[in-house]
Amino acid sequence: MENSLRIAIIYDFDGTLAPGNMQEYDFIPAVGKDNEEFWQESSAMAEQQDGDTILAYLYHMIKEAKNKNVSLRKEAFRESGSKVSLFEGVREWFPRINAYALQRGIELEHYINSSGIKEMIEGTPIAHEFKKIYACSFFYDVDGVAFWPSVVVNYTTKTQFLFKINKGIESVADNVQVNRYVPEEKRRIPFKHMIYIGDGLTDIPCMRLVKQMGGYSIAVYNTSSEKKIEEIRKLIDDNRVDFVAPAHYTNHSEIDLLVKKIIDKIYIDNSLSNMKTY
């Protein structure tokens, strides 16, 4: 009997499943800033202090919210997340691609690996589709108000979550099990059964790692952004990703057909590896 087959699709969020940055839909206007002003201030602070840009924007969110008396509760972040727009076809993507995998007896799991805000992603209508959301988050005080970052996900720390998925470790805080040696054949989801979908610079280490380990990396782009299209073309030219596609998730779209073909290939490769020869 063939071994059960499990495949993971791991997504970035901003620019991958949704246009722009999630903070721009509701949070930044609520603190009285325009998008460019907010990100410039955050980046300037990181540069002046020679600090991490993700930590800088998390601090900047807390500071600006306090200055404008904007709620820093989980419920408020989730409410902001509910206002995030998604790319065309994203809502219908998950049940369709799950059904396609299930027809082949494949257990398909979806994960988020994002430098955005976990609590905001939890407020989106697709949050229930993910087995685990790895993203930036906050510590909350006894009154339920965010006061300090609890998880920071930048372009290098993103890779740790691939190993957690690989070994079947969901806890962010667990640094013991993820570093423990586990034979490749006993890992929950081999890298060769991973599909990573991202759009930007923070995804490059993950896309390259998955590609080098035998999995598949797809760079998606917003067709309305010429700058983004040029960035994505460079990723292909630099051999950092396997494929590129527009961020349109409708049935029979380019990424729909591509992911289905990758699922088919993983299925066939797995079937061949389980055949006994005499």
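Leu-272 has a relative accessibility of 54% and so counts as exposed. Exposed means over 50% relative accessible area, buried means under 20%, and partly exposed lies in between, with a 1.4 Å probe and protein chains only. The structure is a predicted model, in which local features need pLDDT of at least 70 and side-chain atom pairs count only at pLDDT 80 or more, while totals for chains, interfaces and linings use all residues. Residues are numbered from 1 along each chain as its sequence is written, and side-chain values use heavy atoms, with hydrogens and water left out.

Leu-272 belongs to helix 10, residues 254–273. Helices (H or I, at least four residues) and strands (E, at least two) are DSSP runs numbered from the N terminus. Between the C-alpha atoms of Leu-272 and Thr-53 there are 45 Å, and the two residues are 219 apart along the chain.

**The sheet**

Seven strands form an open sheet with mixed pairing, in the order 4-3-2-1-5-6-7. Strand 4 (146–151) and strand 7 (243–246) are its edges, each pairing on one side only. From one strand to the next the twist averages 25°. Two strands pair if DSSP finds at least two bridges between them. Strands of a sheet pair through backbone hydrogen bonds, either parallel or antiparallel.

At one edge, strand 7 pairs with strand 6 (residues 216–221) in the parallel sense, over four bridges. Here Tyr-221 has Pro-246 of strand 7 as its bridge partner. At the other edge, strand 3 and strand 4 run antiparallel and are joined by four bridges. Ser-137 is bridged to Val-151 in strand 4. The two strands make a hairpin with five residues between them.

**Helix 7**

Helix 7 (residues 158–167) packs on the sheet and touches strand 1 (5–11), strand 2 (106–117), strand 3 (132–140), strand 4 and strand 5 (194–198). The direction of helix 7 makes about 160° with that of strand 2; axes are lines fitted to C-alpha atoms, for helices over the stretch in contact, and angles run from 0 to 180 degrees between N-to-C directions. Contact means heavy atoms within 4.5 Å.

Eight of the 10 residues of helix 7 are buried, including Phe-161, Leu-162 and Ile-165. Lysines are also among them: Lys-158, Lys-164 and Lys-167. The partners of these buried residues include helix 8 (204–212) as well as strands 1 to 5.

**Aromatic rings and the core**

Rings of Phe, Tyr and Trp (its six-membered ring) pair if their centres lie within 6.5 Å; planes under 30 degrees apart count as stacked, over 60 as edge-to-face and the rest as tilted. The count is 10 aromatic pairs. Phe-163 and Phe-191 form an edge-to-face pair, with 5.2 Å from centre to centre and 70° between the planes. Phe-163 lies in helix 7 and Phe-191 in the loop between helix 7 and strand 5, so this pair links distant parts of the chain, 28 residues apart. Phe-163 is partly exposed at 28% relative accessible area, whereas Phe-191 is buried at 2%. Ring pairs also join Tyr-11, Phe-94 and Phe-130 into a cluster.

A nonpolar core is a set of buried Ala, Val, Leu, Ile, Met, Phe, Trp, Tyr and Cys residues joined through side-chain atoms within 4.5 Å. The largest such core has 83 residues, of which Phe-13, Phe-27, Ile-197, Tyr-249 and Val-259 touch the most other members. Not counting residues up to four places away in sequence, Val-259 touches Ile-9, Trp-93, Ile-97, Ile-195, Ile-197 and Ile-218.

**A buried glutamate**

Glu-64 is in helix 3, residues 53–67. With 5% relative accessibility, Glu-64 counts as buried. Leaving aside neighbours within four places in sequence, Glu-64 is in contact with Val-31, Lys-33, Phe-38 and Glu-41. Val-31 is 33 residues from Glu-64 in sequence, and their C-alpha atoms are 6.1 Å apart.

**Positive phi angles**

Most residues other than glycine have a negative phi. The table lists residues with a positive value.

| Residue | Phi | Place |
|---|---|---|
| Gly-144 | about 80° | turn between strand 3 and strand 4 |
| Gly-168 | near 75° | following helix 7 |
| Asn-69 | near 55° | loop between helix 3 and helix 4 (74–81) |
| His-252 | near 70° | loop between strand 7 and helix 10 |

Asn-69 is exposed, with a relative accessible area of 73%. His-252 is exposed too, at 58%.
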